[in-house]
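Hello,

Here is the structure I promised to pass on to you. Please open it alongside this message, and my notes on it follow below.

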Amino acid sequence: MFKLTSNIIQNAIDHNKLSHAYLFYGDKGADIEKHILIAIKTIMQNCGFDINFNNLKEANYIDLKIIEPTKSDVDKQPQIKKEDVDQAIVSLLETSLVKNAKKILYIKDVNLGNKYSLNRLLKFVEEPTDNLIIFMSTNNFDNVISTIKSRTQNIFIKHESLKEKRESFKNVDLRHYAILANLFANIDQVKELNLKEFNNIYENIITTFKDGSKNKYLIKNRLNKIWTKQNSDLFLDIIQLFFYQVMIDNNNLIFANEKELINFYKNKKINAFDLLILIDQAKKNIARYTIFNLQKINLLNYLEEIL
């Protein structure tokens with residue numbers, strides 16, 4: 001799917017037919033932002049940039065500006081603000097790292113624009129500025145104003161069902177394809193993954209919980225050795241998915257080969273919901289550069305307590 005987006009943009013560049021404005025839209029759950037990331041990367045690579053970011057929040061280039069809806073005290077819901085559009089476009093038009101480089105503006109959830117910001121945006125959509133390319137995204141195509149739809153190239157992003165994902169993931173890893181399908185949005189992300197590392201972390205975690213079903217006091221020490229700062233995201237994702245499986249009905253079995261283990265922890269009647277919230281908070285805290293070891297100790301202590 002992502003290869004198709006890259007091919008569309010690259011083909012437009014090769015034939016000098018790159019649009020000045022794109023509207024990416026899709027059903028709820030479609031990974032639209034990932035497709036926009038691929039499109040932006042393709043353009044920037046053609047401008048000679050050495051791309052080293054894997055998500056738009058990591059992108060720190062002077063010729064790329066991102067606008068997201070924000071909410072003030074008087075707003076009922078987040079909105080795209082006119083001043084944000086003005087500031088981003090002025091900044092882009094004033095500077096450039098490379099002569100004749102493309103300047104890129106990405107507006108997330110354009111359906112949340114108000115009449116002032118959309119009127120300002122339409123000026124640049126209807127009267128294209130040299131080298132400025134505007135990307136917009138929405139999961140609510142019907143609420144995007146018709147003038148935006150008609151003056152942009154619309155690209156529909158299909159939401160791949162979990163069943164379809166699982167089938168495609170079988171080609172990458174037959175043992176754990178169902179788990180991978182729940183952890184990653186698409187096959188391209190899995191191909192970028194170090195599967196040897198994933199399998200090692202996953203199998204060590206499962207072995208720890210199996211041994212811990214006989215002696216719960218070894219769980220904390222074992223998990224402490226498995227969990228490192230480098231593998232933290234993957235480690236926490238697997239732990240979180242495991243206890244999500246413990247919490248939900250067995251009719252939707254993700255850990256198909258570990259039914260007996262899942263039932264063991266289900267029968268302990270642990271508060272999996274609170275644990276999932278705690279794991280999610282630990283992820284956020286670690287991402288904000290909060291002391292890693294402190295988050296690690298707190299979570300492992302809580303696990304030991306409830307198990």
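In this predicted model, helix H11 (residues 232–247) and helix H12 (residues 259–267) have axes that come within 8 Å and cross at roughly 70 degrees. Angles of 65 to 115 degrees count as roughly perpendicular, and H11 and H12 are therefore roughly perpendicular to each other. The crossing of H11 past H12 is right-handed.

If you would like to look at the contact itself, H11 contributes Phe242, Gln245, Val246 and Met247, and these meet Leu261, Ile262, Tyr265 and Lys266 of H12. Sorted by type, the residues of this contact of H11 with H12 are six nonpolar, one polar and one charged.

H11 and H12 also lead us to helix H9 (residues 195–212), as the buried residues of H9 pack against both of them, along with helix H7 (177–183), helix H8 (187–191) and helix H10 (219–226). Which residues of H9 are buried? They are Leu195, Phe198, Asn199, Ile201, Tyr202, Ile205, Ile206, Thr208, Phe209 and Gly212. H9 has 18 residues and reaches 25 Å from its first C-alpha to its last, which is close to the 26 Å expected at 1.5 Å a residue.

Now for the whole protein. You will find 14 helices and five strands in it. Of its 307 residues, 45% are buried. Taking contacts between residues at least 6 apart in sequence, 66% join residues at least 24 apart.

Enjoy exploring it, and do write back with your questions.

Best wishes

Key. Residues are numbered from 1 along each chain as its sequence is written. This is a predicted model: local features need pLDDT of at least 70, side-chain atom pairs count only at pLDDT 80 or more; totals for chains, interfaces and linings use all residues. Side-chain values use heavy atoms; hydrogens and water are left out. Axes are lines fitted to C-alpha atoms, for helices over the stretch in contact, and angles run from 0 to 180 degrees between N-to-C directions. Helices (H or I, at least four residues) and strands (E, at least two) are DSSP runs, numbered from the N terminus. Angles under 35 degrees count as roughly parallel, over 145 as roughly antiparallel, 65 to 115 as roughly perpendicular and the rest as oblique. A crossing is left-handed if the near helix is turned anticlockwise from the far one by less than a right angle, and right-handed if clockwise. Contact means heavy atoms within 4.5 Å. Ala, Val, Leu, Ile, Met, Phe, Trp, Tyr, Cys and Pro count as nonpolar, Asp, Glu, Lys and Arg as charged, and the others, Gly among them, as polar. The expected span of a helix is 1.5 Å times one less than its number of residues. Buried means under 20% relative accessible area, exposed over 50%, partly exposed in between (1.4 Å probe, protein chains only).
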